[in-house]
Amino acid sequence: MSWRKFRYPGAVLPGKLRAFFAYQNEWIGTSAGTLFSCTMTTIRGIKQDLLRLLLELGKNSHPKEFAALLKEEDGVISELNLLPGTITGSASASIFFDMMPLGTHTAGSAHSHPNGVLRPSNADVNFFPRAGRYHLIIGSPYREHDWRCFTADGEPCDLAVIP
Ligand SMILES: [Zn+2]
């Protein structure tokens with residue numbers, strides 16, 4: 001994904017400047033050369049199957065972290081993109097987000113905290129605003145309720161689970 005894939009009639013995009021413009025339902029922006037987008041679709045919740053899968057991924061990756069981007073369809077978070085090299089060992093999953101170009105329909109992110117702390121780290125809070133609005137942290141021991149959702153500014157938020 002690159003700037004050139006987006007039509008922006010009548011103007012040349014200032015490549016290295018901070019810039020925002022609307023593309024369909026999304027705000028696309030660049031900051032210091034990093035392309036990111038933030039969907040403006042109203043998110044109604046997360047699919048229960050996907051949530052179960054995220055908990056399962058957390059369990060299977062333990063004691064390592066996994067990290068994924070979440071995609072929405074028709075306002076429901078229903079898909080994930082596992083980040084390449086995401087089974088990270090000791091490093092924070094957050095650094096792998098830095099290497100991931102973000103596509104359209106990115107609703108947010110999910111990653112695991114093998115230590116079970118269901119709060120975003122400083123690195124998480126720095127990353128969140130760049131990848132959508134909803135950010136799930138899945139914690140050990142990965143039971144049905146061992147997760148929390150946070151907004152891009154790191155505040156806890158409610159996210160409905162949709163069967
Ligand atoms: Zn984290």
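Author: Let's start with a rule: two strands pair if DSSP finds at least two bridges between them. The model here is a predicted one, and that rule lets us read its sheet strand by strand.

Reader: What makes β5 and β7 a pair of strands?

Author: DSSP must find at least two bridges, and 5 join β5 (residues 67–73) to β7 (residues 106–113), so the two strands count as paired. They run antiparallel. Along this pairing, A67 has H111 as its bridge partner, A68 faces A110, and K71 is matched with T106.

Reader: How do you know that β5 also pairs with β6?

Author: By the rule of at least two bridges: 6 join β5 to β6 (residues 76–82), so this is a pair as well. Here too the strands run antiparallel, with L69 opposite N81. The hairpin of β5 and β6 has 2 residues between the strands, and D74 takes a positive phi near 50 degrees there.

Reader: Why is the pairing in the open sheet called mixed?

Author: The 8 strands are ordered β10-β9-β8-β7-β5-β6-β4-β11. β7 runs antiparallel to β5, whereas 6 bridges join β7 to β8 in a parallel arrangement. In that parallel pair, S112 stands opposite I138. With parallel and antiparallel pairs both present, "mixed" is the word that fits.

Reader: And why are β10 and β11 said to stand at the edges?

Author: β10 (156–157) and β11 (161–162) each have a single partner strand, so one side of each has no neighbour in the sheet.

Reader: What makes β5 and β7 "mostly covered"?

Author: A residue is buried if 20 or more other C-beta atoms lie within 10 Å of its own. In β5, 5 of the 7 residues are buried. In β7, 8 of 8 are, so "mostly covered" suits both strands.

Reader: Which elements feed the largest nonpolar core, and which residues touch the most other members?

Author: The core has 26 residues, and L54, L70, Y134, L136 and I138 touch the most other members. At least two residues come from each of α1, β5, β7, β8 and β9, with α1 giving the largest share, 5 residues. Helix α1 (residues 48–61) lies across several strands, among them β4, β6 and β7, at about 70 degrees to β4.

Reader: How do you know that I138 touches L54?

Author: Contact needs C-beta atoms within 7 Å. Leaving aside residues up to four places away in sequence, I138 touches L54, L55, G58, A110, S112, D146 and W147.

Reader: What makes β7, α3 and β8 a right-handed unit?

Author: Point the strands away from you; the path from β7 over α3 (residues 122–127) to β8 then runs clockwise, so this β-α-β unit is called right-handed.

Reader: Where is the confidence low, and where is it highest?

Author: The mean pLDDT is 74, with 61% of the residues scoring at least 70. Among the elements, β9 has the highest mean, 97, and β1 (residues 19–23) the lowest, 40. pLDDT stays under 50 over residues 1–39 and again over residues 87–91. Where pLDDT is low, the predicted coordinates should not be read in detail.

Note on methods. Residues numbered from 1 in each chain as written. Predicted model: local features only at pLDDT ≥ 70, side-chain atom pairs only at ≥ 80, totals over all residues. Buried ≥ 20, exposed ≤ 12 C-beta atoms within 10 Å, placed from the backbone. Helix = DSSP H or I, 4+ residues; strand = E, 2+ residues; numbered from the N terminus. Contact = placed C-beta atoms within 7 Å. Axes fitted to C-alpha atoms, helices over the stretch in contact; angles between N-to-C directions. Core = buried A, V, L, I, M, F, W, Y, C linked by C-beta atoms within 7 Å. pLDDT = per-residue confidence, 0-100.
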